[in-house]
Amino acid sequence: MPGLPYSATNIRQSALGYRSIADMKNLIIAGYATSYFFYAATLITYLLRLRIPWRYLSIIALTVNLLVLLLISISSGHLPFFNVFECLLFVTFILGGLGCFCSQTEKHRLDVRSWVWIEILFLLTIVLFFPKEPSFYRPNQTFLWVVLFHGFRNLALATMLFSAAHFIRFRLESRRRQLRNYIFLSGRNFLLLTTVFFLCSEYSGMIWCQRGWGDFWHWSPTFFQSTLIILCLMFAFHIPGKNHRSDDIRSVIGAVTALVMLTIQVTKGLS
Amino acid sequence: MKKISEQLASLYFTTIILIVLMLWFTWGILLAQSNTFGHGFDVMNSTLAPAWFSRTQGLSLLLKLWFVGLCVVMAVLAINLVFCSWVTILKIIRIKLITHKLIMLIIHLVFGMVALGHFGSFFLGYRYENVKLHQGQSFALKDGHILIIKDVHFVDNPQVLGKSPKELSPEKYHHNANFSEVTLSRNGKPVTSGRIYFLRPLTYKDIQVTLKRFTPPKGINKNNHSFRKPGVKLVISKNPVKALVFALFPAMIFGIGVYTIMTWGNRKGKARDER
């Protein structure tokens, strides 16, 4: 069909050349396994406080992760946001970037960075149970608002998990008062950022729904799940009190909200 | 009286309402996923709220209860929002104007208006779901407009319309090349016309004509589909509060973004997330 420059077939043919789709699929699986290995090595070396090796390993893990995302995009012709495999690989990349460049190494062995690497390995373990291939072609995958909806949602999940890493670190510390100014407030800042990204996703979803179904709201489980996440975020910001006990509750709710978001994302993939 | 208003404005009250809302939506998810009540939500999507309570097309008693309960909890949240906002306004006037508190107040007020817009969209305007039409056919809307299908332009093999979306490759289905030409007229005079594509509806004032999907030609099973064109399944809706919600929602996001930036570096506990 002429006049369709972004057809997935055209992209596939031009980008892959002689490579078959099966070869590409194997390459993606190999890339996933390699990034899994390097993230695991990063965690081990980080816990052992081997400063130079963990830095190199984390950069290699992030690079391999990025290459897998690029492979998915080139082979499928759409951005890697749509199925659980693509989505969680994108989340691990953002989370890894945040872990590398937006947090600090502390004296405490299980610090925020350690929790970030643990979370990444947890996400990559979840991926083990899902098909490791790009999502099926859907006509709406090139529609701007659909892409923004999924992109912002994945971005929100990544920042939410980063925020949760702060809250877990804060909650597990016995002398929490000293950590309030750095760890807790950083967690709160990234929770606010999550809210912004999640609402951007919701707004894109509203436009998508309006254009596809003629209304911006739908009485369906997916809309209720999104509302539930917004309510969880609102709940975390509305805990009363200015004492340390309130901060404890806030941190627990912040971490639980991350789990709720991840569960919803994964169950969507299952369905 | 002062004590009651203090309680209505308190964060404890907000927390309780949010917990109830979370439980309510969890119940909603369970209801929507059940075979018994799933259809009821389809009815809610295809009609406006007054029809849900009508005798002919009404919902089951449990769904009515769920919806009314949701409205009641939201109304309580609105009362909490009004009282809390009033207390903040008084603080700003009497004590000190703190910019990030003012922004938070605006965010809350905009949130209230967005929620109100959502509520309004359940009652105002109209909605015709799954309107199946073929070329040359028309459909009368209740405000006097008439929708006419001028042409259905479908370049692919109509056999693909019987397949699931997962089976459709970009070679088999060209969503950017398939469209329908429609005209909206009133009192015999066309007021607007244009093409409707998948995810590209036609809008005129508050009226929106959305192409949901193409329907197989009637003769497809008799091997004479080359003589018959596919039809269209449309959603025709009018939502007077749509523009308001679409304008306020980004304002709310922008406000939260500004608040985030303003309080990002504040590590002395000044920037508590309180209203």
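**Exercise 1. Contacts and burial in chain A**

Task: find what share of the contacts in chain A between residues at least 6 apart in sequence joins residues at least 24 apart.

Solution.
- Take contacts in chain A between residues at least 6 apart in sequence; 76% of them join residues at least 24 apart. Contact means heavy atoms within 4.5 Å.
- Turn to burial. Of the 271 residues of chain A, 61% count as buried. Buried means under 20% relative accessible area, exposed over 50%, and partly exposed in between, with a 1.4 Å probe and protein chains only.

A note on the source: this is a predicted model, where local features need pLDDT of at least 70, side-chain atom pairs count only at pLDDT 80 or more, and totals for chains, interfaces and linings use all residues. Residues are numbered from 1 along each chain as its sequence is written, chains are lettered from A and ligands numbered from 1 in the order in which they are written, and side-chain values use heavy atoms, with hydrogens and water left out.

**Exercise 2. The fold and size of chain A**

Task: state which secondary structure elements chain A has, and compare its radius of gyration with that of a compact globule.

Solution.
- Count the elements. Chain A has nine helices and zero strands. Helices (H or I, at least four residues) and strands (E, at least two) are DSSP runs, numbered from the N terminus.
- Write the order along the sequence: α-α-α-α-α-α-α-α-α.
- Compare sizes. A compact globule with 271 residues would have a radius of gyration near 18 Å; chain A has 20 Å, which agrees. The radius is taken over C-alpha atoms, and the globule rule is 2.2 Å times the number of residues to the power 0.38.
- Add the spans. The C-alpha trace of chain A covers about 65 × 50 × 25 Å along its principal axes.

**Exercise 3. Two domains in chain A**

Task: locate the domains of chain A and describe how they meet.

Solution.
- Set the bounds. Domain 1 of chain A is 19-135 and domain 2 is 143-271. Such bounds come from an automatic or database domain assignment.
- Place the centres. Taken over C-alpha atoms, the centres of domain 1 of chain A and domain 2 of chain A are 21 Å apart.
- Count the contact residues. Domain 1 of chain A gives 28 residues to the contact, and domain 2 of chain A gives 27 residues.

**Exercise 4. Two residues of chain A**

Task: for A:T194 and A:S103, decide whether each is buried or exposed, and list the partners of each.

Solution.
- Start with A:T194. This residue sits in helix α7 (residues 180-213) of chain A. A:T194 counts as buried because its relative accessibility is 0%.
- List its partners. Leaving aside neighbours within four places in sequence, A:T194 is in contact with A:A156, A:T159, A:M160, A:L233 and A:M261.
- Move to A:S103. This residue is in the loop between α4 (84-101) and α5 (112-127) of chain A. At 7% relative accessibility, A:S103 counts as buried.
- List its partners, again leaving aside neighbours within four places in sequence: A:L98, A:V112, A:R113, A:F162 and A:Y182.
- Check a distance. A:S103 and A:R138 are 35 residues apart along the chain, and their C-alpha atoms are separated by 38 Å.

**Exercise 5. The layout of chain B**

Task: describe the elements, domains and size of chain B.

Solution.
- Count the elements. Chain B has seven helices and eight strands.
- Split the chain. Domain 1 of chain B is 2-124 + 243-274, and domain 2 is 127-238. Their C-alpha centres lie 36 Å apart.
- Test the size. A compact globule of 275 residues would have a radius of gyration near 19 Å, but chain B has 25 Å.
- Add the spans. Along its principal axes, the C-alpha trace of chain B runs about 80 × 45 × 40 Å.
- Finish with burial. Of the 275 residues of chain B, 47% count as buried.

**Exercise 6. Positive phi in chain B**

Task: place B:N130 and B:L199, and say how accessible each one is.

Solution.
- Take B:N130. Its phi is positive, about 55 degrees, although it is not a glycine. B:N130 lies in strand β1 (residues 126-133) of chain B. At 35% relative accessibility, B:N130 counts as partly exposed.
- Take B:L199. Its phi is near 70 degrees, a positive value in a residue other than glycine. B:L199 is in the loop between β5 (189-196) and β6 (202-204) of chain B. B:L199 counts as buried, at 3% relative accessibility.
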